[in-house]
Amino acid sequence: MRVNCLHCGHAFGLDVSYSDYEGMLRCPTCGGLLDARIEDGLIRSVRLGMLASPPTQAAEPSREPTARHASNLSNEAEHRGAA
Ligand SMILES: [Zn+2]
């Protein structure tokens, strides 16, 4: 029995113990959660699983070290141009 992950699109196999299962599955490829309902070895429905806590990707600091690096480079260019 194989389930297609809705997060990454990869298919992963399920053990026979999941032939009657309703609940969360975790994709071994991307770690995404799937809300699956399986009856008699047939996958009835697979939906995106809801995480208990929201992902923290948006919590990154707004500082951008590359911006400062870029301004240093432009200063150097100005000095060269002046000399
Ligand atoms: Zn996945």
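## Contacts and burial across the chain

Take the contacts in the chain with a separation of 6 or more: 22% of them are between residues 24 or more positions apart. Keep in mind that this is a predicted model. As for burial, the chain has 83 residues, and 7% of them count as buried.

## The overall layout

What does the secondary structure of the chain come to? You get one helix and five strands. Walking along from the N terminus, the order reads β-β-β-β-β-α, with the five strands and the one helix making up the set.

## The E3–E4 hairpin

Now for a pair of those strands. Strand E3 covers residues 21-26, and it pairs with E4 in the antiparallel sense, with six bridges between the two. Together E3 and E4 make a hairpin, and six residues sit between them. Have a look at glycine 31 while you're in that turn: its phi is positive, at about 80°.

## Zooming in on leucine 33

Leucine 33 belongs to strand E4, which runs over residues 33-39. Its bridge partner is arginine 26, a pairing that belongs to the antiparallel match of E3 and E4.

Why does leucine 33 count as buried? Leucine 33 has 20 C-beta neighbours inside 10 Å, and a residue is buried if that count is 20 or more, so leucine 33 makes the cut.

Leucine 33 also has histidine 7 to consider: the two are 26 residues apart in sequence, while in space their C-alpha atoms are 8.1 Å apart.

Key: Residues are numbered from 1 along each chain as its sequence is written. This is a predicted model: local features need pLDDT of at least 70, side-chain atom pairs count only at pLDDT 80 or more; totals for chains, interfaces and linings use all residues. Helices (H or I, at least four residues) and strands (E, at least two) are DSSP runs, numbered from the N terminus. A residue is buried if 20 or more other C-beta atoms lie within 10 Å of its own, exposed if 12 or fewer, and partly exposed in between; C-beta atoms are placed from the backbone. Two residues are in contact if their C-beta atoms, placed from the backbone, lie within 7 Å. Two strands pair if DSSP finds at least two bridges between them.
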